[in-house]
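With the model open in your viewer, please follow the stops below in order, selecting the residues as they are named.

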Amino acid sequence: MVRFPNWCDSAREDVGPHALQVISARAADTANGCVAVAAIVSEHYAAEVQVVRILRRLGRPKAAAFIENKLPTTKSIRSGDLGEILATEYITGETPYDVPIKRLRWKDHRNMAMRGDDVIGLMRDQATGRLHFLKTEAKSRAALAGGVVTEAREGLDKEGGLPSAHALEFISARLMEAGEDALADAIDDALLKHGIAPQTVTHLLFTFSGNDPGNILRTNLQGYAGGYPQHYVGVRIDAHGTFIANVYDRVIADANHG
C-alpha cells in the first residue's frame, strides 16, 4: 500500500454537505513516497502470480522484461496511469470501499489510455448483501486547471451519475474468471435484479498535480448541485513530472535487481 500519511500531510474540510481533502507530499519525504509508490505499480499492470511464474520458469531477466513491456513509455500515459493507480490506492487504503480488480492489467496497449469509468470502489452492505458504489474519476496534470476538473465532473455525471453498466460488467467478468463468484453475482444482481439505487452511489473526484489543487477543487465542488455525496481529493507533489519519471525508473530497476 502507498500509505500516504507516511510521506504526506493532509488537510480536510467540509464544503457544504461534501468533503474536500488535499494531500501534500512533504519535500523531505518525497523520495520515500517514490519508493512506496514504485513498490505497488507493477501489480497494477500484471498479476503477481504471473510474474512469479515467469521468474521461476525463465529467470529474473525475462520477468523484468515482461514487467517493463507492460509499462507505458510516454509521459502523458504514465501520468494518467499513475493518477489512476494513486486513486485506487487511496480508495483501498483510506476509505471503506475496495477495488476488486486492477483494470490497467487489461489495457489494449501500454501507451493507450483505458476507456470508461476510471475506478469503481465497492462496499457490501452486511445486512442486505447489496453493494454500495464509489464512482471515481481521476485526473493527473503537472499544472491542474479548472477545465480539467470540469471534465472530471462531467465524467462523474454521465449515466445519470451512476457507474456505467459496461464498467460493472467488465469487473464482474474479471471476477468470475478469478473465481470470485459471490462478488460477481452481487454486481450482476445490482445490474439485472435490483437496479442501482442512487442512494448507494458516492462520487470521488481525484486529482494528482504539481500545483495546489485546493481552490480549484473547492470552486468546482461549491458549484455542484446534484444529489450524490461528493468526495474531492487532490494529491500534490511539487515535482510532478520528475516524481512520475522516478517512480517508473525505480519499478524497472527493482524488476531487474530485486
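Select Pro163 first, together with the residues that it touches beyond four places in sequence, namely Asp117, Ile120, Phe133, Lys135, Leu168, Ile196 and Val201. In this predicted model, Pro163 sits in the loop that runs between helix H5 (146-157) and helix H6 (165-177). Its relative accessibility is 4%, and because buried means under 20%, Pro163 counts as buried. If you add Thr136 to the selection, you can check a C-alpha separation of 8.7 Å from Pro163, across 27 residues along the chain.

Stay in the loop between H5 and H6 and select Glu159, which also belongs to it. Is Glu159 buried or exposed? Glu159 is exposed, its relative accessible area being 53%. The backbone deserves a look here as well, since phi of Glu159 is near 60°, a positive value in a residue other than glycine. A positive phi is also found at Arg3, where the angle is about 50° although Arg3 is not a glycine; to find Arg3, go to the segment before strand E1 (8-15).

Next, select Ser209, which lies in strand E5 (residues 201-209). Ser209 is buried, with a relative accessible area of 0%. Its side chain reaches the backbone oxygen of Asn211 at 2.8 Å. Leaving aside neighbours within four places in sequence, the residues in contact with Ser209 are Arg141, Ala142 and Leu144, together with Val235, Arg236, Ile237 and His240.

Now turn to the helices, and select helix H1 (residues 30-45) with helix H9 (residues 240-257), whose axes are 8 Å apart and which pack at an angle of about 60°. H1 and H9 are therefore oblique to each other, and H1 passes H9 in a right-handed crossing. On the H1 side, the contact is made by Thr30, Gly33, Cys34, Val35, Val37, Ala38, Val41, Ser42 and Tyr45, while H9 contributes Phe243, Asn246, Val247, Tyr248, Arg250 and Val251. Coloured by class, the residues of this contact divide into 10 nonpolar, 4 polar and 1 charged.

Keep H1 selected and exchange H9 for helix H4 (residues 75-94): the axes of H1 and H4 come within 11 Å and cross at roughly 100°. How is H1 oriented relative to H4? That angle makes H1 roughly perpendicular to H4. Here Val37, Ile40, Val41, Glu43, His44 and Tyr45 of H1 meet Asp81, Leu82, Ile85, Leu86, Thr88 and Glu89 of H4. By class, this contact of H1 with H4 has 7 nonpolar, 2 polar and 3 charged residues.

For the last stop, select helix H2 (residues 48-58) and helix H3 (residues 60-70), whose axes come within 7 Å and cross at roughly 150°. H2 passes H3 in a right-handed crossing. To see the residues that make this contact, show the side chains of Gln50, Val51, Ile54, Leu55 and Leu58 in H2 and those of Arg60, Lys62, Ala63, Phe66 and Ile67 in H3. How many residues of each class take part in the contact of H2 with H3? They divide into 7 nonpolar, 1 polar and 2 charged.

Key:
Residues numbered from 1 in each chain as written. Predicted model: local features only at pLDDT ≥ 70, side-chain atom pairs only at ≥ 80, totals over all residues. Heavy atoms only, no water. Helix = DSSP H or I, 4+ residues; strand = E, 2+ residues; numbered from the N terminus. Buried < 20%, exposed > 50% of the residue type's maximum accessible area, 1.4 Å probe, protein only. Polar contact = N/O pair within 3.5 Å; in protein donor to acceptor, adjacent residues only side chain to side chain. Contact = heavy atoms within 4.5 Å. Axes fitted to C-alpha atoms, helices over the stretch in contact; angles between N-to-C directions. Parallel < 35°, antiparallel > 145°, perpendicular 65-115°, else oblique. Left-handed = near helix turned anticlockwise from the far one by under 90°. Nonpolar A, V, L, I, M, F, W, Y, C, P; charged D, E, K, R; others polar.
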